[in-house]
Amino acid sequence: MARDLKYTRNIGIMAHIDAGKTTTSERILFYTGKTHKIGETHEGGATMDWMVQEQERGITITSAATTAFWNYKGNQYQINLIDTPGHVDFTVEVERSLRVLDGAVATFCAVGGVEPQSETVWRQADKYNVPRIGYVNKMDRTGADFFAVCAQIKEHFGATALPVVLPIGSEDKFEGIVDLIYNHALYYYDDKTVRDNFEIKEIPAFMQAEAAEWRAKLIEEVAATDDALMEKFFEDPDSITPDELIAAIRVATINMTLVPMMCGSSFHNKGVQKLLDYVMAFLPSPLDVPAVEGVNPKTDEMEKREASVNDPFCGLAFKIATDPFVGRLCFIRVYSGALDAGSYVYNARSGKRERISRIYQMHANKQNPMERVEAGDICAAIGFKEIRTGDTLTAENAPIVLEQMTFPEPVIGLAVEPKTQKDLDKLGIALAKLAEEDPTFTVRTDEESGQTIISGMGELHLDIIVDRLRREFGVEINQGAPQVNYKEALTQTVQHREVFKKQTGGRGKFADIIFEIGPADEGVTGLQFVDEVKGGNVPKEYIPAVQKGFESAMANGALAGYTIDSMKVTLKDGSFHPVDSDQLSFEICARNGFRQSAPKAGSVIMEPMMNVEVVTPEESMGDIIGDLNKRRGQIQGMESKGTARVVKARVPLSEMFGYVTVLRTISSGRATSSMEFSHFEEVPANLAKEIIEKSSGRRKDLE
């Protein structure tokens with residue numbers, strides 16, 4: 001019998017570093033009966049942080065998936081839960097998790113409030129239209145302020161953050177919560193061994209006026225989203241029942257007009273059961289979100305797939321992981337239809353049939369074998385010969401391609417080589433597996449030096465990769481200093497004529513092209529190629545070769561050999577030789593033409609700029625700003641957050657290596673910083689000269 005999808009919740013926990021995502025996930029596993037003992041992040045015992053590196057550092061690196069069950073109002077709900085990382089270097093993990101989730105719990109620290117990474121994940125959730133409820137954690141910490149966090153959410157995101165509970169006390173006096181919907185209090189006692197560690201009581205006398213005021217605000221705000229409730233509200237606000245409120249809040253949460261706000265202290269086991277209740281009450285089931293849309297590759301028409309077993313099978317491969325026991329695991333979100341172990345699916349990208357040998361329900365890094373999964377499920381499968389993150393898997397007779405996932409480009413590189421020659425093949429295999437798992441990690445061979453360069457989102461990202469090479473794959477490596485992934489760009493449009501002639505006895509080589517080269521039109525990436533040749537001066541069959549020549553030339557810029565992201569080439573005219581011309585001649589001619597014309601087209605070097613945010617005590621602020629100015633930083637703004645000051649700046653990545661250590665010294669260890677990629681910007685002329693000299697010096701050494 002197919003289960004009722006309205007009792008399924010695909011949710012993720014998203015937040016800034018240290019807001020308590022993993023701790024909250026661990027409590028959810030305990031209260032749903034999935035684990036019998038609570039694992040603690042700071043002790044390295046969290047179930048969801050199963051990687052050795054995660055346990056040692058106390059951070060989440062990969063998103064872990066698990067399935068649990070929760071009873072709410074007499075029905076058993078299935079929760080497919082994904083715990084995502086908070087560190088900006090692992091932003092790809094959050095991105096791909098949000099792509100396949102129906103709802104999210106946005107967790108905030110009651111002291112830190114809205115932090116830089118909270119903004120990043122909030123924007124990612126907006127991008128994929130993921131409804132969310134807010135959970136203000138760490139209410140027991142000094143400086144905790146539930147209402148300040150709600151106000152910050154309104155201010156930063158323009159979202160209507162609506163408290164549905166109030167904290168009873170705060171800091172070390174935090175005892176429980178007032179549920180504004182049911183108008184009663186829940187007192188918690190900190191006991192890690194029982195699942196019902198709370199009592200429902202009357203709202204305490206000292207809070208009755210405050211609770212009445214906030215309940216009136218809640219009813220008014222919710223009534224404004226529902227006409228029937230609005231009428232009742234004008235007649236008699238007290239006649240609105242808790243069930244009516246819940247139904248209206250649910251609708252407003254799913255269409256993203258409201259964000260219900262909860263609070264608690266996950267570490268002290270307070271507020272998590274209520275959070276689970278309201279996840280079931282407010283967040284969507286697979287039936288509540290719009291049907292997934294994609295393109296039929298045969299007809300190029302848009303098609304829909306409903307979250308139903310009766311529609312043809314369609315799923316998205318959102319993550320690939322290497323498991324030491326079962327091999328390559330592919331995580332799939334099933335949007336429609338059903339999938340049986342041992343059956344075949346069609347991969348629209350590769351155009352190949354793939355056999356799914358086994359299907360698992362995941363619990364962190366443990367697998368529970370299953371015979372069949374249905375619409376709305378999240379599972380892991382093995383048996384794929386060729387699969388990439390973002391591939392659409394479908395029934396063979398009903399292909400569809402879902403929207404591709406986009407990932408940011410890596411901005412920092414590192415040269416690596418195995419310590420012993422016998423590890424060379426092992427290193428190649430290990431890097432290929434890691435690159436397959438993580439779309440923001442790339443591996444390339446530097447054409448000039450022959451070195452293997454690995455690139456990622458930041459120093460921590462590459463640190464973890466190197467650590468995994470050593471531990472998981474048993475490859476010891478030597479590594480160079482981190483290097484910035486610069487790019488090149490053209491700034492002017494120029495016309496150029498290139499003639500390629502070669503006589504080597506017998507048939508020669510000849511090609512002649514006249515072209516305009518310059519920056520691409522606004523918003524265009526890659527090569528924008530325009531063919532304006534009249535009268536067959538360059539035969540039609542050679543034009544793709546010209547285009548190919550320019551495309552391949554973009555991988556090595558004319559100034560220092562860095563890639564060019566976009567440019568526009570207009571082929572104006574040319575000539576050919578009836579015997580000596582062929583496709584290869586025109587391709588080589590285009591490559592040579594690029595090398596000769598790019599410097600005239602105002603070639604410049606571009607560097608990655610980072611958004612840096614430093615939270616510091618007042619007394620260190622002057623030194624920190626001075627230091628950022630020395631690093632060519634532009635201060636974007638300053639604000640107060642409690643007793644601390646927040647400095648926002650934009651700084652070139654090349655100036656930020658080892659910044660954390662310097663910041664500790666300046667502030668006696670009291671300031672913290674976070675950094676994420678912003679955009680590419682032209683390098684000042686004096687520095688560009690240095691970069692070019694270094695690269696030409698490197699080229700000479702190799703010659």
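**Cavities, a pocket and two helix pairs**

The second largest cavity in this predicted model has a volume of about 50 Å³.

Trainee: How many cavities of 30 Å³ or more does the structure hold?
Mentor: Rolling a probe the size of a water molecule over the atoms shows where empty space is left. Counted at 30 Å³ or more, the cavities number 2.

Trainee: Which strands give two or more residues to the lining of the second largest cavity?
Mentor: The lining includes Ala 65, Thr 66, Asn 80, Leu 81, Ile 378 and Cys 379. Strands that give two or more residues to this lining are S2 (64-72), S3 (75-83) and S22 (378-382).

Trainee: How do the lining residues of that second largest cavity divide into nonpolar, polar and charged?
Mentor: Phe 331 and Met 362 are among the lining residues, and both count as nonpolar. The full division is 7 nonpolar, 3 polar and no charged.

Trainee: Which element gives the most to the lining of the second largest pocket?
Mentor: This pocket has a volume of about 1,000 Å³. Its lining has 38 residues, with Arg 444, Val 484, Asn 485, Tyr 486 and Tyr 562 nearest the centre. Strands S26 (442-445), S27 (452-456) and S29 (483-484) each give two or more residues, as does helix H16 (685-702). The one that gives the most, with 6 residues, is H16.

Trainee: How many residues in the lining of the second largest pocket are charged?
Mentor: Arg 444 is one of the lining residues, and Arg counts as charged. The lining divides into 14 nonpolar and 11 polar residues, and the charged ones number 13.

Trainee: Is H10 parallel or oblique to H11?
Mentor: The axes of H10 (residues 424-437) and H11 (residues 459-471) come within 11 Å and cross at roughly 130°. Angles over 145 degrees count as roughly antiparallel and 65 to 115 as roughly perpendicular. The angle of roughly 130° fits neither class, so H10 to H11 is oblique.

Trainee: How many charged residues are in the contact of H10 with H11?
Mentor: H10 brings Leu 427, Ala 430, Leu 431, Leu 434 and Glu 437, while H11 brings Ile 465, Arg 468 and Leu 469. Of these, 6 are nonpolar and none polar, and the number charged is 2.

Trainee: Why is H12 called oblique to H13?
Mentor: H12 (residues 543-553) and H13 (residues 583-597) have axes 7 Å apart and pack at an angle of about 40°. Angles under 35 degrees count as roughly parallel, and 65 to 115 as roughly perpendicular. The angle of about 40° is in neither range, which means the pair is oblique.

Terms used:
Residues numbered from 1 in each chain as written. Predicted model: local features only at pLDDT ≥ 70, side-chain atom pairs only at ≥ 80, totals over all residues. Heavy atoms only, no water. 1 Å grid on protein atoms, 1.4 Å probe; cavity = no way out; pocket = protein on both sides within 12 Å on 5 of 7 lines; lining within 4 Å. Points joined across faces, edges and corners; volume = space filled by probe spheres on them. Helix = DSSP H or I, 4+ residues; strand = E, 2+ residues; numbered from the N terminus. Axes fitted to C-alpha atoms, helices over the stretch in contact; angles between N-to-C directions. Contact = heavy atoms within 4.5 Å.
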